[in-house]
Amino acid sequence: MTALVVIPAYNEEASLAATLKELASGVPSVDVLVVDDGSTDATAAIAHKGNAAVLRLPFNLGVGGAVRAGLRYAVEHHYERAVVVDADGQHPPAAIEALLATLDGGADLAIGTRFSEGSDAYPVGWLRHRAMGLLHRIVHWRTGQAFTDTTSGFRAFDRPLIELLARDYPVEYLADTVEVLIMVCEAGYTVVEVPTPMRPRAAGQASTRRLKLVVNYLRLLIGILASATRHRPRRQS
Amino acid sequence: MTTRAHVLVIVAAVVAALYVLRLVRLHQLRSKYALLWLTIGVLLVPLAAVPSLLEWISDRLGVYYAPTTFLFLAVGFLFFVVVHFSWELSRLESKVRTLAEEVALLRADQPETVDG
């Protein structure tokens with residue numbers, strides 16, 4: 001079963017080398033693709049040096065756009081699985097193995113979550129905490145499933161989902177995680193959360209400011225509200 | 001304005017909001033632009049529903065004739081939208097230019113192809 005690790009990377013030269021090294025020794029069976037999201041630093045060069053395949057986007061598309069490009073690469077190169085992993089070393093190889101094992105168990109989408117029991121504590125700010133609670137309730141309303149961490153970007157997809165998302169992936173920030181989750185559940189795929197240990201970010205900065213965060217949440221709510229009545233074809237089984 | 005006119009404005013705002021949501025639903029409109037237009041709808045409804053609100057704002061701003069305030073706000077908002085679109089357009093132009101350059105660079109690495 002061929003698996004591809006997709007690493008969206010925007011100016012991640014500080015942490016990428018260590019992340020790639022860890023992947024090469026921890027999960028040697030998977031191929032690695034770094035999607036250089038219009039970086040202005042040495043991200044692409046470091047990715048080449050780390051023996052990863054590299055997609056260089058001509059300008060910054062954001063995490064969602066980079067992931068979508070990575071999934072299209074996975075489709076074209078006939079990978080059976082794809083795992084999206086942060087460039088900054090938050091996701092240890094053991095956790096990647098855990099997600100892949102969950103796919104073996106029949107899940108179509110495995111999400112590595114930060115807050116489940118069995119996971120290490122992961123501190124977030126007050127506003128973000130509240131916002132995540134709201135997202136939790138909305139996703140529960142739309143899917144009937146209670147997810148503990150709807151915005152986790154640490155995800156493994158099986159082939160049918162890679163194909164679906166390579167075509168139709170909401171690329172906006174937050175929509176790329178939450179809306180995808182709703183979309184996938186409504187299409188009848190099996191989604192399983194896997195509690196995984198995550199480390200604090202190795203280097204770099206979390207990318208969102210407060211006002212932007214509020215605007216992004218409003219945007220997401222509009223998207224979800226608008227799609228609440230959308231008819232989606234169910235999965236053939 | 002008469003009550004009927006107020007109701008008309010509210011209905012128009014709601015219909016416009018539903019239309020915007022429909023466009024988002026059909027993937028014809030990115031949600032960031034929807035947010036722009038829905039904000040207007042949300043601001044318009046209380047102004048239509050509570051006529052004294054506009055008069056109160058006019059009073060605060062020192063405007064004698066309340067409808068002028070409304071027109072002033074409307075023109076101000078449309079100006080903002082147009083400037084915003086110019087900004088987006090500039091960004092798009094520079095992205096298209098970058099893409100054209102990328103294609104040219106990729107072609108430079110390709111073996112020469114014969115046209116026609």
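**Notebook: helix α6 and the cores of chain A**

I started with helix α6 of chain A, residues 159-167, and looked up its buried positions: Arg159(A), Leu161(A), Ile162(A), Leu164(A), Leu165(A) and Ala166(A). I note that this is a predicted model.

Next I asked which elements the buried residues of α6(A) pack against. I found two helices of chain A, α3 (62-76) and α7 (175-186). I also found the strands β4 (81-84), β5 (109-113) and β6 (155-158).

Then I turned to the nonpolar cores. The largest one holds 45 residues. I listed the members with the most contacts inside this core: Leu71(A), Leu109(A), Phe157(A), Leu165(A), Val184(A) and Val191(A). Helix α7(A) gives the largest share of this core, 8 residues. I also logged a second, separate core of 28 residues, with Val27(A), Val34(A), Val85(A) and Leu103(A) among its members.

I picked Phe157(A) for a closer look and left out residues up to four places away in sequence. Phe157(A) touches Ile162(A) and Leu165(A), both buried residues of α6. The other residues that Phe157(A) touches are Leu71(A), Glu80(A), Arg81(A), Ala82(A), Val84(A), Leu103(A), Asp108(A) and Leu109(A). Leu103(A) belongs to the second core.

Last, I took down the totals for the chain. Chain A has 8 helices and 7 strands. Of its 237 residues, 54% count as buried. I get an accessible surface of about 11200 Å² for chain A, with 53% of this belonging to carbon and sulfur atoms. For contacts between residues at least 6 apart in sequence, I noted that 76% join residues at least 24 apart.

Definitions and conventions:
Residues numbered from 1 in each chain as written. Chains lettered and ligands numbered in written order. Predicted model: local features only at pLDDT ≥ 70, side-chain atom pairs only at ≥ 80, totals over all residues. Heavy atoms only, no water. Helix = DSSP H or I, 4+ residues; strand = E, 2+ residues; numbered from the N terminus. Buried < 20%, exposed > 50% of the residue type's maximum accessible area, 1.4 Å probe, protein only. Contact = heavy atoms within 4.5 Å. Areas by Shrake-Rupley, 256 points an atom, 1.4 Å probe, with all protein chains shown as cover. Core = buried A, V, L, I, M, F, W, Y, C linked by side-chain atoms within 4.5 Å.
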